Amino acid sequence: MLNYTHSIPTRIFFGEGQISHLDDALRPFGKRVLLTYGGGSIKKIGLYDAVMKILNDGGYTVVELSGIEPNPRIESVEKGVALCKEHRIDVILAVGGGSTIDCSKAIAAGVYYEGDDLWQMVASRHGTLKALPLVDILTLSATGSEYDGGGVITNMKTNEKLGNMYTFPAVSICDPTYTFSVSKYQTAAGSADIISHICENYFSRTEDSDLADGIAETILKSVIKNLPIALAEPDNYSARANLMADSSVACSGIPAYGKQSTGWPCHAMEHELSAFYDITHGVGLAILTPRWMRHILKKDPTCAWRFVRFARNVWGLSGDDELALALAGIDALENFFRESGIPMTLTELNIGAEHFEEMAAHANVGGYLANAFVALTNEDIVEIYRACL
Ligand code: NZQ
Ligand code: ZN
């Protein structure tokens with residue numbers, strides 16, 4: 001087990017009705033609020049009205065930034081920073097999924113960025129030191145943005161989608177009832193994202209981090225149990241609540257305790273797909289993950305022990321032939337995604353092979369994935385993309 005350092009300054013209020021803490025969460029930071037949200041789902045579910053009532057009753061001055069895109073764009077960050085400066089905003093309130101929260105984190109940091117070009121802040125990738133306070137109300141279980149400091153911003157002009165560390169939310173209000181309205185497609189995609197956040201740490205060379213591996217297996221089993229229930233009964237509170245709790249912990253760094261880092265290869269490959277084709281993050285991950293698994297198992301069979309553990313502990317499979325067991329675990333994951341309604345090929349998303357070399361070079365810039373669980377070259381990545389067609 002390796003050394004680790006960890007700190008999460010975010011206070012989570014989890015459960016139905018926790019919006020009652022919103023006023024207390026915002027009040028210490030000031031009265032001028034930038035309210036950020038996406039394309040309107042929060043209005044359809046009545047959450048916008050509930051938030052505005054609390055803000056109006058509390059005497060807050062509210063400025064709005066709406067229309068934040070899935071795969072949030074740098075242009076939205078620029079708009080938000082301009083609004084914060086113009087209205088001397090004290091605190092940002094993000095209401096939505098990972099895209100709204102990520103964009104709001106970049107806005108919070110962008111207010112203090114000294115350069116002229118906010119894309120340079122995103123592309124610097126070395127983290128930012130100062131940011132406006134951020135409070136969020138989560139409406140989609142997926143990214144874990146409600147409980148981490150990272151954000152991912154897209155520049156469609158340059159086909160780049162880059163993560164950076166901006167700021168942790170001061171408070172995240174996580175009420176599973178707000179996710180009852182999430183479509184089957186986004187529910188499944190979000191769950192695939194949760195699964196991927198776990199797999200990106202679980203498939204590591206470290207063999208003896210029992211706490212991290214135990215948490216990882218528990219979260220995987222929870223998603224495998226609760227996603228089908230949430231798809232069949234969208235307003236099943238218990239299923240939605242478990243997925244929401246899974247989402248926050250999966251990307252929190254806790255499942256990486258004591259483990260050798262892996263470079264998160266599926267995320268590196270997926271961010272290229274989103275940057276070129278603007279696809280849903282979790283769908284890209286679901287397509288890539290089983291193909292990546294088969295590729296590395298074939299390339300370096302000494303990693304089979306980890307897949308055997310995955311097959312036994314997560315999927316409850318058994319058998320004496322270790323390679324067959326390893327492959328059966330991967331098949332089980334792929335079938336699970338397919339049965340959840342996720343399109344499982346790039347062809348179904350109208351994506352062809354034309355940019356694979358460029359995307360591979362970018363995903364592996366500086367030989368970044370040489371330190372992955374199984375090292376990946378650009379050629380490996382192109383092969384994985386091809387297996388996804
Ligand atoms: O825009 P609105 O109208 O709100 O609709 C959204 C959007 O169309 C909809 N939605 C959200 N909550 C809903 C709802 N629809 C009905 N009812 C609700 N309660 O769902 C669609 C997708 O929303 P989005 O926020 O884009 O989804 P998600 O939470 O999956 O976020 C994806 C983004 O987060 C990044 C991804 O790359 C992607 O850009 N990630 C952020 C991470 C982080 N901060 O740590 C880590 C992840 O690995 C990931 O990269
Ligand atoms: Zn992700």
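Reader: What distance lies between the C-alpha centres of domain 1 and domain 2?

Author: In this predicted model, the C-alpha centres of domain 1 and domain 2 lie 27 Å apart. The domain assignment places domain 1 at 11–178 and domain 2 at 184–387. The contact takes 26 residues from domain 1 and 25 residues from domain 2.

Reader: What area is buried between domain 1 and domain 2, and which residues of domain 1 lose the most?

Author: About 2000 Å² is buried between the two domains, with carbon and sulfur atoms giving 59%. On the side of domain 1, Ser141, Asn159 and Lys161 lose the most area to domain 2, together 26% of what that side buries.

Reader: What makes the pair between Lys161 and ligand 1 a polar contact?

Author: An N or O atom in the side chain of Lys161 is 2.7 Å from an oxygen atom of ligand 1. The cut-off for such a pair is 3.5 Å, so this one counts as a polar contact. By the cut-off of 3.5 Å, the side chain of His267 also qualifies, with an N or O atom 2.9 Å from an oxygen atom of the ligand. A backbone N or O atom of Gly40 lies 3.1 Å from a ligand oxygen atom, and therefore qualifies as well. The protein covers 88% of the 960 Å² of accessible area that ligand 1 has on its own.

Reader: How do you know that domain 1 and domain 2 both contribute to the shell around ligand 1?

Author: The shell draws at least three residues from each of domain 1 and domain 2. Its residues divide into eight nonpolar, 18 polar and four charged.

How values were computed. Residues numbered from 1 in each chain as written. Chains lettered and ligands numbered in written order. Predicted model: local features only at pLDDT ≥ 70, side-chain atom pairs only at ≥ 80, totals over all residues. Heavy atoms only, no water. Polar contact = N/O pair within 3.5 Å; in protein donor to acceptor, adjacent residues only side chain to side chain. Areas by Shrake-Rupley, 256 points an atom, 1.4 Å probe, with all protein chains shown as cover. Nonpolar A, V, L, I, M, F, W, Y, C, P; charged D, E, K, R; others polar. Domains from an automatic or database assignment. Contact = heavy atoms within 4.5 Å. Buried area = accessible area lost by both parts, 1.4 Å probe.
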